[in-house]
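Here are some short exercises to work through with the sequence and the structure side by side. Try each task before you read its solution.

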Amino acid sequence: MTENWQEAGFGLYVHWPFCEAKCPYCDFNSHVTGYVDETRWRDALLSDLRHQAACLPDRRLGSIFFGGGTPSRMPPDIAAAIIAEARRLWTPANDLEITLEANPTSVETGRFHAFRDAGVNRVSLGVQSLRNRDLRALGRTHDVAQALRALQLARDVFDRTSFDLIYARQGQTLDDWRSELGDAVALQPDHLSVYQLTIEPGTVFARRHDAGRLPGLPDDDVQADLYLATDQILERCGMPSYEVSNHAVPGRECRHNLTYWRAGDWVGVGPGAHGRLTWGTERRATRAVSMPEAWLGAVDANGHGLIEQSTLPSDAHADEYLIGALRLRKGLDLARLNRLGSIVRLDALDTLMEEGLASCHGTVLRPTARGRALCDSIIAYLAARSEPTCDRASHKLSS
Ligand SMILES: C[S@@+](CC[C@H](N)C(=O)[O-])C[C@H]1O[C@@H](n2cnc3c(N)ncnc32)[C@H](O)[C@@H]1O
Ligand code: SF4
């Protein structure tokens with residue numbers, strides 16, 4: 001039988017932790033620094049990559065994702081060196097997807113050709129809003145005109161282009177959002193990530209919010225309306241959601257992120273990166289040192305930046321698959337869940353279907369449009385109503 005990780009693919013994530021400025025809503029592992037020792041960073045990222053690949057030879061690599069931070073601020077020759085080394089260490093898929101997250105400022109767009117020559121074939125641009133007032137409120141360093149220029153250039157240079165928008169912003173009404181989303185669709189992207197603004201603990205926005213200085217955030221009902229409007233408008237325009245926050249022209253879905261949602265395997269390189277690696281029946285989680293200087297020090301000392309390499313409990317893979325796949329329109333394959341050692345109680349499936357929240361197609365459970373809007377609740381409901389299969393129970397008893 002196909003090994004379970006193979007059903008969901010194998011990818012490489014590379015984290016570049018630096019940004020021009022820290023956005024007030026952002027809790028990603030991103031830092032502002034005056035100086036980056038480029039040679040040291042290139043050598044350290046390559047060392048981390050080689051160390052982890054040595055534990056995981058003989059894989060077919062389906063995707064590479066440069067995330068951040070702002071990886072479009074990374075010197076393109078570092079990206080080129082990492083891509084070449086990854087191609088050497090594993091067998092690359094013919095259609096290897098290589099994504100770069102980029103901010104739409106001129107520093108980054110000026111490097112687009114060099115990134116393409118390095119092998120990048122997909123760009124995900126952090127546009128966030130098509131309204132200047134809102135870009136300022138989000139603390140972004142670009143304006144709408146720059147975003148549009150960056151988008152045009154990205155489409156000229158790369159095979160595939162996506163952009164990110166954040167909604168549920170201060171003072172945003174349903175009509176505002178419909179009009180802005182219409183402007184986004186008119187730009188004809190092949191992929192759109194549309195995230196609801198989250199007030200993350202520890203951010204500047206969280207402090208302002210706690211002090212009552214972030215007025216006009218949409219309440220739960222308006223947020224739900226904004227979500228449903230997004231789903232409907234983008235579906236009508238030929239970009240259905242394939243994941244709760246991600247929409248694509250069919251065939252243009254982000255393969256790398258699908259590996260996460262389908263609980264495949266990936267190697268995480270760079271500060272704060274996480275990974276998931278499967279050997280036979282053992283699944284391991286890796287986590288790297290977060291702070292950039294400390295990560296460099298760890299690589300100098302050990303040849304890699306990992307701070308944690310733990311074997312996950314036997315039910316973790318099934319849980320991760322259930323949580324990820326229920327975010328997908330294609331849904332959760334109960335047969336695969338079973339192979340991973342877990343079954344969902346039949347009465348729970350019946351309840352979801354009676355409530356119009358999901359439907360069954362062969363062995364696949366698919367959330368309906370209403371179900372996708374209530375995705376977190378459905379996941380919690382099913383996670384609490386799934387149990388080990390007999391096989392895994394006996395495996396547990398015998399191990
Ligand atoms: C790693 S981040 C940023 C990539 C890039 N540096 C940028 O800012 O454009 C990826 C995406 O997460 C989203 N994001 C980050 N923080 C968020 C928050 N608090 N709420 C909603 N979306 C958020 C943004 O849309 C962002 O483009
Ligand atoms: S949102 Fe992007 S640019 Fe802003 S701090 Fe976070 S990673 Fe950096």
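**Exercise 1: aromatic pairs**

Across the whole structure, a search finds 11 aromatic pairs. This is a predicted model, in which local features need pLDDT of at least 70 and side-chain atom pairs count only at pLDDT 80 or more, while totals for chains, interfaces and linings use all residues. Residues are numbered from 1 along each chain as its sequence is written, chains are lettered from A and ligands numbered from 1 in the order in which they are written, and side-chain values use heavy atoms, with hydrogens and water left out.

Task: Work out what kind of pair the rings of Trp 16 and Trp 41 make.

Solution. Start with the rule: rings of Phe, Tyr and Trp (its six-membered ring) pair if their centres lie within 6.5 Å, and planes under 30 degrees apart count as stacked, over 60 as edge-to-face and the rest as tilted. Next, take the geometry: the centres of Trp 16 and Trp 41 are 5.6 Å apart and the planes stand at 65°, so this pair is edge-to-face. Then place the residues: Trp 16 is in strand β1 (residues 10-16) and Trp 41 in helix α1, so the pair ties together parts 25 residues apart in sequence. Helices (H or I, at least four residues) and strands (E, at least two) are DSSP runs, numbered from the N terminus. Finally, Trp 16 and Trp 41 are both buried; buried means under 20% relative accessible area, exposed over 50%, and partly exposed in between (1.4 Å probe, protein chains only). The two belong to one aromatic cluster with Phe 18 and Trp 295.

**Exercise 2: salt bridges**

Task: Find which residue forms a salt bridge with Arg 40, and say what parts the pair ties together.

Solution. First, the cut-off: a salt bridge is a side-chain nitrogen of Lys or Arg within 4 Å of a carboxyl oxygen of Asp or Glu. By this rule there are 27 salt bridges. The partner of Arg 40 is Asp 300, with the closest N and O atoms 2.7 Å apart. Arg 40 lies in helix α1 (residues 38-54) and Asp 300 in helix α11 (residues 292-302), so the bridge ties together parts that are 260 residues apart in sequence. As for exposure, Arg 40 is partly exposed at 30% relative accessibility, whereas Asp 300 is exposed at 54%.

Now try Arg 42 in the same way. Its side chain meets that of Asp 77 in a salt bridge (3.9 Å, N to O). This pair links helix α1 to helix α2 (residues 76-89), 35 residues apart.

**Exercise 3: charges over rings**

Task: Name the ring that Arg 59 lies over.

Solution. The test asks that NZ of Lys or CZ of Arg be within 6 Å of the ring centre and within 35 degrees of the ring normal. Arg 59 lies over the face of Phe 10, at 5.4 Å from the ring centre. Arg 59 is also linked with Asp 265, Arg 276, Arg 283 and Glu 320 in a network of salt bridges.

**Exercise 4: cysteines**

Task: Explain why Cys 254 is in no disulfide.

Solution. A disulfide is a pair of cysteine sulfur atoms within 2.5 Å. The closest cysteine sulfur to that of Cys 254 is in Cys 375, 18 Å away, which is too far for a bond. Cys 360 is in no disulfide either, its nearest cysteine sulfur, in Cys 375, being 17 Å away. The count of disulfides comes to 0.
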